[in-house]
Amino acid sequence: MKKKRGIEQMDVAEKIRYFRQQKGLSQEQLGKRAGIHENTIRKYELGIRKPKLDQLKKIAGGLGVSVIEFIDIEIENEADLIAVLKKISPFFKWENIGRILEQGEQR
């Protein structure tokens, strides 16, 4: 019997499928909501292709979830926090985030 994994252990492909199914959407419906062809959604879910950042934003929007849900985040120390901020910074319009991240790297 296959053991269920928590969402935090899923890869992006599995998370797209998980959230789509939770919302009761078909791949075609998600594709229409996200403005992405359903065949591309299928390839993302199968792990044949990996969505680029702009596509991931569209998918998250189509699913009504935050794009952060798709990002793997583990913070154990300051270096991990800086790495996470770098991952999520494209999703926010934070003034001076670049300066903050650069200061963290210089430490």
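Which residues have the most contacts inside the largest nonpolar core? In this predicted model, the list reads Ile 16, Leu 30, Ile 59, Leu 63, Val 65 and Phe 70, and the core that holds them has 15 residues. Several helices chip in: α1 (12-22), α2, α3 (38-46) and α4 each supply at least two residues of this core. The top contributor is α4, which gives four residues.

It helps to step back and look at the whole chain. There are six helices and zero strands, so the pattern along the sequence is simply α-α-α-α-α-α, with helices counted as DSSP runs. Of the 107 residues, 33% count as buried. As for how far along the sequence the contacts reach, take those between residues at least 6 apart: 43% of them join residues at least 24 apart.

Now for a pair of helices. Two packed helices are described by the angle between their axes and the distance between the axes. Here the pair is α2, covering residues 27-34, and α4, covering residues 53-63; their axes come within 8 Å and cross at roughly 110°. Because angles of 65 to 115 degrees count as roughly perpendicular, α2 is roughly perpendicular to α4. The crossing of these two helices is right-handed.

Which residues meet where α2 and α4 touch? On the α2 side they are Leu 30, Arg 33 and Ala 34, and on the α4 side Lys 58, Ile 59, Gly 62 and Leu 63. Sorted by type, the residues of this contact come out as four nonpolar, one polar and two charged. Some names here are familiar from the core: Leu 30, Ile 59 and Leu 63 are among the residues with the most contacts inside it.

Val 65, another residue on that core list, has some partners of its own. Setting aside neighbours within four places in sequence, Val 65 is in contact with Phe 19, Lys 23, Ala 60 and Phe 70. One of these partners, Phe 70, is also on the list of core residues with the most contacts.

Finally, there is Gln 29, which lies in helix α2. Is this residue buried, exposed or partly exposed? Gln 29 counts as partly exposed because its relative accessibility is 39%, and partly exposed means between the 20% limit for buried and the 50% limit for exposed. Gln 29 and Gly 62 are 33 residues apart in sequence, yet the C-alpha to C-alpha distance between them is 8.9 Å. Gly 62 itself is one of the α4 residues that meet α2.

Key
Residues are numbered from 1 along each chain as its sequence is written. This is a predicted model: local features need pLDDT of at least 70, side-chain atom pairs count only at pLDDT 80 or more; totals for chains, interfaces and linings use all residues. Side-chain values use heavy atoms; hydrogens and water are left out. Axes are lines fitted to C-alpha atoms, for helices over the stretch in contact, and angles run from 0 to 180 degrees between N-to-C directions. Angles under 35 degrees count as roughly parallel, over 145 as roughly antiparallel, 65 to 115 as roughly perpendicular and the rest as oblique. A crossing is left-handed if the near helix is turned anticlockwise from the far one by less than a right angle, and right-handed if clockwise. Contact means heavy atoms within 4.5 Å. Ala, Val, Leu, Ile, Met, Phe, Trp, Tyr, Cys and Pro count as nonpolar, Asp, Glu, Lys and Arg as charged, and the others, Gly among them, as polar. A nonpolar core is a set of buried Ala, Val, Leu, Ile, Met, Phe, Trp, Tyr and Cys residues joined through side-chain atoms within 4.5 Å. Buried means under 20% relative accessible area, exposed over 50%, partly exposed in between (1.4 Å probe, protein chains only).
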